[in-house]
Amino acid sequence: MNWFTTPLGAGGAHRVTVPGCRKVLVIVPSVVAGTRLLDLLPLLDSDFRVQTYFTLPEPDAATARFVSAAGGLVIGWEMALQHEFDLVLAASYRFIDRAPGPVLVLPHGAGALKSRRRVRAAGREARPVHGLDRQMLMRDGKVPASAIVLSHDDELAVLAESCPEALSAAVVAGDICLDRMRASLPFREQYRRALGVEPGDTLVTISSTWTAESTFYQRPELYRELTGKARVAAVLHPNIWAVHGAWQVRSWLADCDVVVVPPEEGWRAAVIASDIVIGDHGSTTQYAAAVGARVLLATCPDVRHGSLAHAISEAVPRYTGDIAEAVAVPEFAGLISSRLDRSGVILRAAMYRLLGIPEPAHAVPVSPVRHGR
């Protein structure tokens with residue numbers, strides 16, 4: 001984006017049609033973070049007092065295409081750092097210590113706590129760390145985020161133990177992704193038609209997170225095996241697409257009769273449309289259980305005890321060839337969010353508090369998800 005065409009920079013005031021706006025900066029380091037942040041932005045809809053900018057701290061082709069497709073006004077990271085913003089939105093703790101304004105940061109998956117088990121550096125006692133670890137939340141003895149969004153009250157208790165300095169910034173807001181999925185449930189038949197699922201067909205979605213512990217690497221035979229048993233959709237973590245490339249992903253699946261869901265949008269609609277979801281320890285499996293899909297595990301590594309992935313692994317059988325063994329996990333939505341269907345209201349209040357202006361009078365929008373095809 002040429003800065004001469006934006007409201008920022010020299011002469012910017014003479015270029016704008018809507019002057020005097022509060023400035024919102026959306027930090028998009030990856031497609032994964034960007035997809036979650038796009039759930040937040042409708043909370044600013046219809047407000048002529050607000051101008052939103054996007055910035056890519058580490059530009060790559062996939063993330064640039066994603067932001068361009070969304071129609072975002074993009075400014076360079078270095079240019080963003082030269083200006084002050086009234087609100088900065090992030091879905092990752094990377095870069096927020098340099099953010100030029102008050103930051104609201106939210107998880108980019110199910111819950112603020114991570115499922116995988118990691119250990120601290122050598123020389124200290126090895127023990128699990130999580131997504132609310134003190135080392136992640138603090139920089140130079142300070143908490144850089146002005147609002148740390150949590151999905152569940154249980155996470156607040158973890159935060160109080162791991163980093164009490166961050167408690168004043170904590171906002172228990174539930175999960176806006178899950179709320180949108182719940183609002184989309186009445187449109188299940190439309191999503192099925194968009195995926196080409198005929199009446200009476202069984203739709204199985206195979207979901208995969210990234211890394212070599214994922215479904216995509218551990219159980220690649222499923223994409224061929226299941227096509228003889230049902231209509232099959234493949235949902236792959238955006239990092240698989242970003243790291244290996246769209247051509248390579250489609251090449252690997254070239255002889256599989258599956259609907260390959262694009263990484264930018266469509267996975268939620270596919271999950272809602274599904275009769276069965278076969279997944280791994282990634283967030284997609286957890287969201288599937290939360291909206292009532294029957295679930296099986298293709299694979300699951302050693303995960304942190306008490307995490308959402310651990311709860312799934314305790315409740316869901318492994319897929320051994322019979323999709324009829326899939327099970328629903330009652331009340332799993334309550335494990336992800338303790339503010340079901342209220343996330344938009346809480347998040348908008350937090351955003352406008354940081355913006356320093358009153359919330360709009362119109363109701364908070366909770367729009368159904370798009371099918372992405």
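# Reading a predicted model: cover, pairing and confidence

Reader: What covers the buried residues of helix H7?

Author: The cover includes H2, helix H8 (188-194), helix H13 (267-273), helix H14 (283-290), helix H16 (333-336) and helix H17 (343-355). Please note that this is a predicted model.

Reader: What makes helix H7 "mostly covered"?

Author: Helix H7 spans residues 176-184, and 7 of its 9 residues are buried. These are Ile176, Cys177, Leu178, Asp179, Arg180, Met181 and Ser184. At the start of H7, a side-chain oxygen of aspartate 175 comes within 2.9 Å of the backbone nitrogen of cysteine 177. Since the cut-off for a polar contact is 3.5 Å, the pair at 2.9 Å falls inside that limit.

Reader: Why is cysteine 177 called buried?

Author: The term requires a relative accessible area under 20%. Cysteine 177 has 1%, and is therefore buried. Cysteine 256, at 9% relative accessibility, also counts as buried.

Reader: How do you know whether cysteine 177 is inside or outside a disulfide?

Author: A disulfide is a covalent bond between the sulfur atoms of two cysteines. The two sulfur atoms must lie within 2.5 Å of each other to be counted. By this rule the count is 0 disulfides. For cysteine 177, the nearest cysteine sulfur belongs to cysteine 300 and is 20 Å away, which leaves cysteine 177 in no disulfide.

Reader: Why is arginine 36 called buried, and what does this residue touch?

Author: Arginine 36 belongs to helix H2 (residues 31-40). Its relative accessible area is 6%, and because the limit for "buried" is under 20%, the term applies. Beyond four places in sequence, arginine 36 touches Ala91, Leu106, Pro107, His108, Gly109, Asp175, Ile176, Cys177 and Tyr287. A polar atom of the arginine 36 side chain also lies 3.5 Å from the backbone oxygen of proline 107.

Reader: What makes strand S7 "largely enclosed"?

Author: Strand S7 covers residues 203-208, and 6 of its 6 residues are buried, so the rest of the structure largely encloses it. Both faces are covered. Leu203, Thr205 and Ser207 are buried on one side, and Val204, Ile206 and Ser208 are buried on the other.

Reader: How do you know that S7 pairs with strand S8 and with strand S10?

Author: Two strands pair if at least two bridges are found between them. S7 and strand S8 (residues 231-236) have 6 bridges and run parallel, with serine 207 facing its bridge partner valine 235 in S8. S7 and strand S10 (residues 276-279) have 3 bridges, also in the parallel sense, and isoleucine 206 stands opposite isoleucine 278 in S10. Both counts therefore satisfy the requirement of at least two.

Reader: Why are strand S9 and strand S11 called edge strands?

Author: They belong to an open sheet of 5 strands in the order S9-S8-S7-S10-S11, with parallel pairing. Strand S9 (259-260) and strand S11 (294-297) each have a single partner strand, so each has one side without a neighbour in the sheet. Helix H14 lies across S7, S8, S10 and S11, and runs at about 150 degrees to S11.

Reader: Which strands are the edges of the sheet with the order S2-S1-S3-S4-S5-S6?

Author: That open sheet has 6 strands with parallel pairing. Its edges are strand S2 (50-55) and strand S6 (170-172), each of which pairs on one side only. Neighbouring strands of this sheet are turned by 20 degrees against each other on average, direction ignored. Within it, strand S4 (residues 103-105) and strand S5 (residues 147-150) share 2 bridges in the parallel sense; leucine 104 has alanine 147 in S5 as its bridge partner.

Reader: Why is glutamate 331 called exposed, and why is aspartate 341 called partly exposed?

Author: "Exposed" requires over 50%. Glutamate 331 has 72% relative accessibility and is therefore exposed. Aspartate 341, at 46%, lies between the 20% and 50% limits, so "partly exposed" is the term. Glutamate 331 is in the loop between helix H15 (308-315) and H16, while aspartate 341 is in the loop between H16 and H17. Neither is a glycine, yet phi is positive in both: about 65 degrees for glutamate 331 and near 65 degrees for aspartate 341.

Reader: What is the predictor's confidence along the chain, and where does pLDDT stay under 50?

Author: The protein chain averages a pLDDT of 91, and 93% of the residues score at least 70. Over residues 119-123 pLDDT stays under 50, and the model has 6 contacts beyond four places in sequence for this stretch.

Technical notes: Residues numbered from 1 in each chain as written. Predicted model: local features only at pLDDT ≥ 70, side-chain atom pairs only at ≥ 80, totals over all residues. Heavy atoms only, no water. Helix = DSSP H or I, 4+ residues; strand = E, 2+ residues; numbered from the N terminus. Axes fitted to C-alpha atoms, helices over the stretch in contact; angles between N-to-C directions. Buried < 20%, exposed > 50% of the residue type's maximum accessible area, 1.4 Å probe, protein only. Polar contact = N/O pair within 3.5 Å; in protein donor to acceptor, adjacent residues only side chain to side chain. Contact = heavy atoms within 4.5 Å. pLDDT = per-residue confidence, 0-100.
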